[in-house]
Each structure stands twice: as structure tokens, then as C-alpha cells.
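Colleague: I would like to learn how to read the contacts and the sheet in a model like this. Where do we start?

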Amino acid sequence: MKSILKGVSVQYRMSELFLRTLRENPADAEVASHSLLIRAGYLRRAASGGYTWLPLGLMVLQKVTEIVREEMNKAGFQEVHFPALLPREPYEATNRWTEYGPALFRLQDRRGADYLLAPTHEEMFTLLVKDLYSSYKDLPLSLYQIQTKYRDEARPRAGLLRGREFIMKDSYSFDLDDEGLVVSYQKHRDAYQKVFERLVIDYVIVSAQSGAMGGSASEEFLAPADAGEDTYVETEGGAANVEAIQIKPAQSISITDLPAAQVHDTPDTATIEALVNFCNQNESLKRSNQWTAADTLKNVLMRLVSQDGTTSVLAIGIPGDREVDMRRLEAAVYPEIVTPFTDEDFAKYPTLVKGYIGPDALGIKSKSKIEYLVDPRVVSGTSWITGANRTGKHVFGLVMGRDFNPDGQIDVADVRIGDECVVPAGKVIRLARGIEVGHIFQLGRKYAQALDLKVLNENGEQVVVTMGSYGIGVTRAVAVIAEQHHDERGLRWPRTVTPADVHLVIAGKDEALAIAANQLADQLNAQRLSVLIDDRVGVSVGVKFNDAELIGIPTVVVIGKKYAEGLVEVRDRFTGAVDDVLLSELVAKVKQLH
RNA sequence: CGGGGCGUAGCGUAGUGGCUAGCGCGCCUGCUUUGGGAGCAGGAGAUCGGGAGUUCGAAUCUCCCCGCCCCGACCA
């Protein structure tokens, strides 16, 4: 493109930048970060879940990466770099070659040997440390890398938010004992807080399930956003992923003085709603205060498939006004997989009557031998309307601890505001969605054990090392920043990650403007402030302003009609403030904004 | 993997059996214009996702395949 500048050097010129902004939102982008990053020319989709970084995008990615790297180094962690393409054997040793399932990209080399594209690198880090270290004196140690990861996601979505190829910073800590692990964990936690502060990502730290990696203590860094895939709860006492919360069990009640259970005809009441309506309309069942779904006990059947392929059936008893939260259930039964209980499955259990299943037919000691677990609200002395195991019949006043005894508890009902929790302590005051940008957890000895990573302790004994594992989604963080910092006009990069410090718009075709703009750019460069200069010829100012707002560099300087009076305009993309500044004072003004 | 939707030029789209596939943006040439996505004139750009079929005739109907997006189950 023609430039109004001749033979001058500024950092980036719009006339030359490999960039094409789009006026309209791409049809396939739903979330703001995705749509804006494409429209503003930061990214192009190259494959399902794979994106090409264009010059502007790469500048942001590099800044984000550098902030992560700096904070890791400051914390005393050392950077290494593994191949993404790895042989099968180490993953076989930890059983993850099979355990990781279809999300693992597997491939073969020309000789037919199995390889994988690493989804995480626990095995390699463990083996590396084993290779070089063998004494307690070498510990503690934390290593990290910033690496491209591969996961064959069933459903890549929302641009950078969930890709099949993405960049992750993963760290691993190695300690002699549990106390050391706690210290290493805390160091990572502190470093992560600094990273997210510098990235200007709004986040909450929530208790988490450690999930597929195994291990115990675990927290997630969630960036609150409607586009997020995780749900978390906040209580007076803290925050947790819904998968990790624990509902406070109800107080048990004395069972003496409770009326005996009675079976009643309740025709056509296979759903809780129908049952409650029937109870409130039937003369003999009516009571002064209306029956509600919470008075009923709903028994839900699920089929569980274990890793070796064997299946079992689980019955879950929850108050009728609640639903089983599939995410919580999946987390609770992990590593078993939950599948629906079908009509064919029903056929195998003649004692179960669909729509009228009651506790009598459930439990490992019953005829069905189906394990029966109940919600923590279903405790001894609570009385329920529930199925009588006969079509069109329910039993009223069935008392837990007197009339039935389940095999145990399971806490998988949906969570609501006001629910009392043990973890995190207190009443739920907020339920929100978040994007997981970081996850830290105490892995323990799973990998060290499997790969035989031991060191000699002070007494000359072999001791298995204990590990922590810590991740930051680097490319995801870019999307999160875009998600959290934009308005209807476009992106608004925090100054720590902006692709350039100043967007200098030449608003006019007078050559004097171009010369002055160039001088300003040089002055800014001299102060280590990078400049993207819009030197395009034949492009109307409206287009230039709109592009500047879309691209989202936080400080926009306009040199145009007021140049004759020795003034330029400084716009703050965050506050919307517009100031006229003397040319001689521009650098000071820009520095002040930074 | 289940459910839903979609695939027409770089982007956004019209076109549900009939002529040379239309429009807006973007792109190229010329002139004009220059503080909020300019105007006029001319132009380039499409295997209508792919394959097979039905038909005198297919972007349009049928089948198969591929790809994309959304919702659900997994994760940084």
C-alpha cells in the first residue's frame, strides 16, 4: 500500500503491516474474543482448533509469553524445552497411553513405532529429573516450559478458548516430602497471582478436583466470563468449582413419633411434577400447606463404565426439586464414565418400575443389587414421598433410617444460591461461569512412583519424590484478556500486553503532517515506546479511527487539523478521554498514561 | 460421540428445478474527496464444500463423504 512516509523508519506502519481488518463479524464466531481477534486481524483460522497468528496477534502473544516467563524466572523456576513429538513408552509406563483416551493424538513413524503429540509432559519432566538428579541435596527443584500442546478435543470452540493445538506454560515441582511440596505449591500460587495481575486478568482462585492428572490439593484460576466453560460457586468462606464443592449434610432427626409409611394410589404420576400436582388435588392426600417437589425423593439410575470396560449401575436418591448435575456426577465417579440408563437396561431389572422406583428396590442388599447412594439432604429421620415400585403407586412418609437405609451418600445435585456448603464453607452467594486460565495441584507421588524417580535421603535411603504440576494456558490467556477488555468498538489491550504502545493516526494528506508524525514516532521510540503509525494514503480518517478502535492499542494519538496550532490529540481507549496536547509535550503525556 | 444448524468470491449474504449465479464490503485502474467505515466511472475475482445419482436442464431434489458452528459429556 502507498505510504505517505518516504524512507523513514518507525516501528510498524499500517501501509506495510500484514493486516486486513474486517468490517463485519465472522459468521462462525460467537464469543467476543474470537470475533474481535479475527476482525481486527490478529488471527486466522487454519484448522479445526488451530489458529495462525498474524503480526499483531503475535506481538500480543509474545508479550503475554514474556510476562509468564519473567514471573517464573523470578520465582526461581528454570526453563527447559521438550519435544512435542514423543515416543509411546514413557506414557505407557504411567498407563496414560491408554488412560488419556481419544483426546491423545497418536501417530506412527516410518518404521511403525508409536508416537504421540504431548497433551502435557509429566512423564518427560519426571524422567528428565530422574536422569540427572539422585540426591535430596538437589531438591527442591521446579522446572517449566512454554510449549505447544496437542489434544484432540472432541469439540474445539470459541477460537482460542479451546483449541486442539495451544500454548501452555507447564511447570513441575520436585520435593523430598509433603512439607516441601506445600512450599513449592505456594510459590507457584504466588507467581501465578503476579502473572495474572500483570496480564490484567480478573480472576478468582477456586478449589478444584484434580481430575485426570490424579493427586490431591488443587486450585484453579478462573477468569469470570459468560463464555467460560466452568461453573464455580462463591460462599462467604471462599470459592470452588461446582465439581469440588461439598454440600453440608442435613441434621438427622429423631425417628420416634413419626407416622408410619403408607402406600397410596397415584395414577399417571411418573414425573415429579405430575406427582406433586396429584397430591395437591387429591382430597385424601391434600394438606394445609401445599406439597412441593422438595417433599419427594427422586431415584435416578445411571450406568457407569469403568476403564476396563465393565459396567455397573448406580442409583442416586435426591430431593425431587433437584436435578443430578452431570458435571458433578462425572467428577464424583471419576475415572468411571457415566452413561444413560436405557429402556433395555430397565428390562434387565424386573423389580424396577420406571417412574415409580423406590428405595425398597435399591441397594446392594436388595434383589436388584444396585448400589444406592443418596443426597446429603437425605438423612436419618427425613420423611419422603417416593416410588412404591408399582405402577401408579407411591409411598408417603417413608423415613430414612427406619424404612430404608441407602448404601451411602453422593453429593451430585445441582447447586443453588443459598445452599449450605462445607467446602467452601458457608452459604452459596453466587454462581458464575469462568474460563480456566491456570490450574495448580499437588500431584504427589503418582508419576514418580510409576517412573521410579527416587533420591537418597540424609540416611542414605531411597525415597520417592513428590511432585506438583502447574499450568497456565498462554494462548487461552490472550483470549481471556480480549474477552475481559473490549467494548462495542473493539479491543482494548492492557498496556502490559498491547501490540504497540501508541497508535499514531495521520489524519490528513499534508506532507507536513507525515513529517511531524515521523518525528513524534522517533521521539516515542527513543523512550522505548513502540508505535503503530497509520500512514495509509487515500484512506479516510473515519476508516483510520475505526481501525484504531478495533485494533485496540490503548493510546491513540491523532495528528491532523490542530497541527497548525501545534497540537495533537491523545485519546485513551480505556477512559475515552480526549486531550489536546502540545507537540513538545506529547512524549511526557504518553509516558504518563503508561 | 449424541442432538441441532450451516457450507454460494477474501468477508457478510440473496438465490428452493429454467437464460450469462445477484448484492454489499474488501481488492485493482482513473478522477474527485479527506476529522468518523466518501463519490463517480471502469475492472478483476466463484470447480455454488466434494463425489455419485435423478432430470431435457441441478447452487436448488436424492444418497454418500468432507468441513464448520452451536448445545451436551472432557480440559490450560
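Modeller: Start with what lies around the nucleic acid. In this predicted model, 50 residues surround RNA strand B, and the closest are Ser48, Arg151, Glu330, Glu549 and Arg571.

Colleague: How do the residues of the surface near RNA strand B divide into nonpolar, polar and charged?

Modeller: There are 15 nonpolar, 10 polar and 25 charged residues. On the RNA side, 47% of the atoms within 4 Å of the protein belong to sugar or phosphate, and the rest belong to bases.

Colleague: Which helix gives the largest share of the surface near RNA strand B?

Modeller: Helix 13 does, with seven residues. Among the other elements that each supply at least two residues are strand 9 (165-175) and helix 8 (326-333).

Colleague: Which side chains have an N or O atom listed against a base nitrogen of RNA strand B?

Modeller: For arginine 162 the distance is 2.5 Å, and for aspartate 547 it is 3.3 Å. Lysine 561 uses its backbone: a polar atom there is 3.0 Å from a base oxygen.

Colleague: Next, the sheet. What is the order of the six strands in the open sheet?

Modeller: The order is 1-31-30-32-33-34, with mixed pairing. Strand 1 (12-13) and strand 34 (578-582) are at the edges with a single partner strand each, so one side of each has no neighbour in the sheet.

Colleague: How many bridges join strand 32 and strand 33?

Modeller: Four, in the antiparallel sense. Valine 557 stands opposite valine 570 in strand 33. Helix 12 (residues 511-526) packs on the sheet, and its direction makes about 170 degrees with that of strand 30.

How values were computed
Residues are numbered from 1 along each chain as its sequence is written. Chains are lettered from A and ligands numbered from 1 in the order in which they are written. This is a predicted model: local features need pLDDT of at least 70, side-chain atom pairs count only at pLDDT 80 or more; totals for chains, interfaces and linings use all residues. Side-chain values use heavy atoms; hydrogens and water are left out. A residue is near a molecule or strand if one of its heavy atoms lies within 4 Å of it. A polar contact is a pair of N or O atoms within 3.5 Å; within protein, one must be able to donate a hydrogen and the other to accept it, and residues adjacent in sequence count only if both atoms are side-chain atoms. Ala, Val, Leu, Ile, Met, Phe, Trp, Tyr, Cys and Pro count as nonpolar, Asp, Glu, Lys and Arg as charged, and the others, Gly among them, as polar. Two strands pair if DSSP finds at least two bridges between them. Contact means heavy atoms within 4.5 Å. Axes are lines fitted to C-alpha atoms, for helices over the stretch in contact, and angles run from 0 to 180 degrees between N-to-C directions.
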